[in-house]
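I sat down today to look for empty space in this protein. My notes follow, in the order I looked things up.

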Amino acid sequence: DEYRNATNEAVKKAVDKVAKESVSELKADSPRRTGAYSKGWAAKVQPQSNKWAYKKVVYNKDRYRITHLLEKPHKLRNGLKSRAQPHIAPVEQKAVENLTKYIKEGV
């Protein structure tokens, strides 16, 4: 029980830390025209049915409709393709690496 509780605490701390880092990186690296898109990044706890599971979701609370349009190229009205501005995928990859590192350190 002690090991399970210690591991669960380490995982919660790691998830919180990675979510906070991801939000700050996305706010810094997001494309800016007016700044509203980059200010909208946030993280929230995702409710789980399993009491030992802990999950946080990083999302854009204000401009969630355009995240996929900025991340990947798409066809415009005039027939041309938009330029891709990948800013979510690099942060996601870094978050996965950091999460495993922080969990190993905590346990």
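In which element is confidence lowest, and in which is it highest? I checked this before anything else, as the model is predicted. Confidence is lowest in helix 3, with a mean of 92, and highest in strand 2, at 95. For the protein, I noted a mean pLDDT of 92, with 100% of residues at 70 or more. A reminder to myself: where pLDDT is low, predicted coordinates should not be read in detail.

**Entry: largest pocket**

I went to the pockets next. The largest pocket has a volume of about 450 Å³. Its lining counts 17 residues, and Ser22, Lys56, Val58, Glu92 and Ala95 are the closest to its centre. I then asked which elements supply at least two residues each of this lining. They are helix 1 (2-29), strand 2 (55-60) and helix 4 (89-106). By class, I wrote down 13 nonpolar, 1 polar and 3 charged residues for the lining of the largest pocket.

**Entry: second largest pocket**

The second largest pocket holds about 350 Å³ of space. I found 15 residues lining this pocket, and the closest to its centre are Pro31, Arg33, Tyr37, Ile66 and Leu70. Helix 2 (36-39) and helix 3 (67-71) are the elements that give two or more residues to the lining. Its classes come out as 6 nonpolar, 5 polar and 4 charged.

**Entry: cavity**

How many cavities of 30 Å³ or more does the structure hold? I found 1. About 40 Å³ of space lies in the largest cavity. Val18, Glu21, Ser22, Glu25, Val91, Lys94, Ala95 and Asn98 make up its lining. Helix 1 and helix 4 each give at least two of the lining residues. I sorted the lining of the largest cavity into 3 nonpolar, 2 polar and 3 charged residues. Looking back, I see that Ser22 and Ala95 line this cavity and are also among the residues closest to the centre of the largest pocket.

**Entry: nonpolar core**

Last, I looked up the filled part. Which residues form the largest nonpolar core? I listed 5: Val23, Leu26, Tyr37, Trp41 and Val91. Val91 also belongs to the cavity lining, and Tyr37 turned up close to the centre of the second largest pocket. I followed Trp41 further, leaving out residues up to four places away in sequence. Trp41 touches its core partners Val23 and Leu26. Its other contacts are Lys27, Ser30, Val58, Tyr59, Asn60, Thr67, His87 and Ile88.

Key
Residues are numbered from 1 along each chain as its sequence is written. This is a predicted model: local features need pLDDT of at least 70, side-chain atom pairs count only at pLDDT 80 or more; totals for chains, interfaces and linings use all residues. Side-chain values use heavy atoms; hydrogens and water are left out. On a 1 Å grid over the protein atoms alone, a cavity is a set of points where a 1.4 Å probe fits but cannot get out, and a pocket is an open set with protein on both sides within 12 Å along at least five of seven lines; lining residues have an atom within 4 Å of a point. Grid points are joined across faces, edges and corners, and a volume is the space filled by probe spheres set on the points. Helices (H or I, at least four residues) and strands (E, at least two) are DSSP runs, numbered from the N terminus. Ala, Val, Leu, Ile, Met, Phe, Trp, Tyr, Cys and Pro count as nonpolar, Asp, Glu, Lys and Arg as charged, and the others, Gly among them, as polar. pLDDT is the predictor's confidence in each residue, from 0 to 100. A nonpolar core is a set of buried Ala, Val, Leu, Ile, Met, Phe, Trp, Tyr and Cys residues joined through side-chain atoms within 4.5 Å. Buried means under 20% relative accessible area, exposed over 50%, partly exposed in between (1.4 Å probe, protein chains only). Contact means heavy atoms within 4.5 Å.
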